[in-house]
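Biologist: I've just opened this one and I'd like some help reading it. Could you walk me through what to look for?

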Amino acid sequence: MDSFTDDAEFITCDSPVNIALIKYWGKRNEKLILPLNSSISVTLSQDELRARTTVAVSRNFKEDKMWLNGREQSMKNARLQSVISNIKRLCRKRKSDNDQVNDKLQWKLHICSENNFPTAAGLASSAAGYACLVYALSKLYGVDGDLSKIARMGSGSACRSIYGGFVIWNKGEAEGGEDSKAEQIVSETHWPDLRVLILVVSDQTKHTGSTVGMQASVETSQLLQQRLQGVPKQLEKIKCAIQNKDFHSFAEITMRDSNQLHAVCMDTYPPVSYLTDISHHIIQLVHAINQDNNSNMVAYSFDAGPNAFLFLQEKDVPTVIDILHYFYPSSDPNFIRGLQVPAKRDVHVSAGNQVDYTVFSDLKVIPRALKFIIHTQPGPGPTVKDSDCGLLTKDGFPLNLNNANGKI
Ligand code: PMV
């Protein structure tokens, strides 16, 4: 019987978001996505932030199709095509004598991907999306080996989402990019009390994409050239801080690198600015907290947007959350999302439950500055999910559609 579903094969995978501590900014090869510097990131838990992708092949599919968050996407995307063709090439290389696999390689592909976090938050990470697609395709076609090099072709930072915990993307030296790949430094269990607070800033502006922004920096920023000379030392220093779970040093290196990235952006001509007044207020607040504490209690890092990624230790989460509530009051009952905030063991709280913020007296209180806060922690790399998590019907079309574009 040549029924539709008998010839279809489905795989569903989840993949994490990662946040760089030492940032990647600037390519030496735009097509192969080869960076000018190596970078280090931490992969975040998929309980709070993840991409999920179902891929399917069938002899009955008429054309390759893709849906992202319920909307059909064009397949005419150079990076998407590069990822698919590279996975297929790897598969052909390894399984050229297997007819069943060869059949599958000819069949059309349906791809459906969704994030578990609101797209409006500006966290829509191409890193999680491309890592997920590459991982899912590798399972579909039975390919193993280094997937980070293929994920890199989708979006540079995606190569780091192939691994959990702390990850380095070695820039490599080879012209063809053979050695430009990610590698785990330590797993997500290495630093169990490290926590991350993502401060989603209320902001309507459209920001310059990272591809355009970094290209402009490469062309015009002298500071970028200077930064590149200093990065290797910073990489070594942060690796050491991670190995030793030395939060104070970890925090300083992380904040300095974020500041340097945004200084490079301002040195780009015309300047590119990702940080808003709220982002700058968060930076000042973090330094005020650390000064009051006589040691770093919290660190910030900003990517190509105004949202802050704060790093801290579990024991300090209640104190920092209280301070954030005070300076960025919100009436949203769901303001803090994700992991539960641990019980307070705080010296700041005086009798009557009033917190003493006089040390931060020159900072304004800004109601509704943040949309919400996500409380999360380091997490593992991509995983295969059960078929009941699948995003496609048995006929290969999305279960959830956001518009009328995707016909069922
Ligand atoms: O991989 P892309 O093109 O999304 O660029 C990522 C750039 C930063 O997020 C700013 C830094 C990084 O290393 O992730």
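**Strands, sheets and a ligand**

Modeller: Let's start with one strand pair: S2 and strand S5, residues 39–43, run antiparallel to each other and are joined over four bridges. Keep in mind that this is a predicted model.

Biologist: Which residue in S5 stands opposite Ile22?

Modeller: Look across to Ile40, which faces Ile22 from S5.

Biologist: What is the strand order in the open sheet of four strands?

Modeller: Read it as S2-S5-S10-S11, with antiparallel pairing. An edge strand pairs on one side only, and here those are strand S2 (18–22) and strand S11 (181–186). As for twist, neighbouring strands in this sheet are turned by 35° against each other on average, ignoring direction.

Biologist: And the sheet with six strands: in what order do they come?

Modeller: That open sheet goes S8-S7-S9-S6-S1-S17, and its pairing is mixed. Its edges are strand S8 (71–73) and strand S17 (383–384), each with pairing on one side only.

Biologist: In which sense do strand S7 and strand S9 pair?

Modeller: Parallel: S7 (residues 65–68) and S9 (residues 108–115) pair that way over four bridges. To see one of the partnerships, find Trp67, whose bridge partner in S9 is Cys112.

Biologist: Now the ligand. Which residues are around it?

Modeller: To read a ligand site, list the residues with a heavy atom within 4 Å of the ligand. Here they include Ala20, Lys23, Tyr24 and Trp25, then Ser155, Gly156, Ser157 and Arg160, and further along Ser210, Met214, Asp303 and Ala304. Sorted by class, this shell has five nonpolar, four polar and three charged residues.

Biologist: Which polar atoms should I look at, then?

Modeller: Look for pairs of N or O atoms within 3.5 Å. A backbone N or O atom of Tyr24 sits 2.9 Å from a ligand oxygen atom. From the side chain of Ser155, an N or O atom is 3.2 Å from an oxygen atom of the ligand. For Gly156, a polar backbone atom is 3.4 Å from a ligand oxygen atom.

Biologist: How much of the ligand's accessible area does the protein cover?

Modeller: On its own the ligand has 380 Å² of accessible area, and the protein covers 92% of that.

Biologist: Why does the ligand lie between domain 1 and domain 2?

Modeller: Check which domains supply the shell. Domain 1 (9–188 + 382–389) and domain 2 (194–376) both give residues to the shell around the ligand, so the ligand lies between them.

Conventions. Residues are numbered from 1 along each chain as its sequence is written. This is a predicted model: local features need pLDDT of at least 70, side-chain atom pairs count only at pLDDT 80 or more; totals for chains, interfaces and linings use all residues. Side-chain values use heavy atoms; hydrogens and water are left out. Two strands pair if DSSP finds at least two bridges between them. Helices (H or I, at least four residues) and strands (E, at least two) are DSSP runs, numbered from the N terminus. A polar contact is a pair of N or O atoms within 3.5 Å; within protein, one must be able to donate a hydrogen and the other to accept it, and residues adjacent in sequence count only if both atoms are side-chain atoms. Accessible areas come from the Shrake-Rupley method with a 1.4 Å probe; for residues, only the protein chains shown count as cover. Ala, Val, Leu, Ile, Met, Phe, Trp, Tyr, Cys and Pro count as nonpolar, Asp, Glu, Lys and Arg as charged, and the others, Gly among them, as polar. Domain bounds come from an automatic or database domain assignment. Axes are lines fitted to C-alpha atoms, for helices over the stretch in contact, and angles run from 0 to 180 degrees between N-to-C directions.
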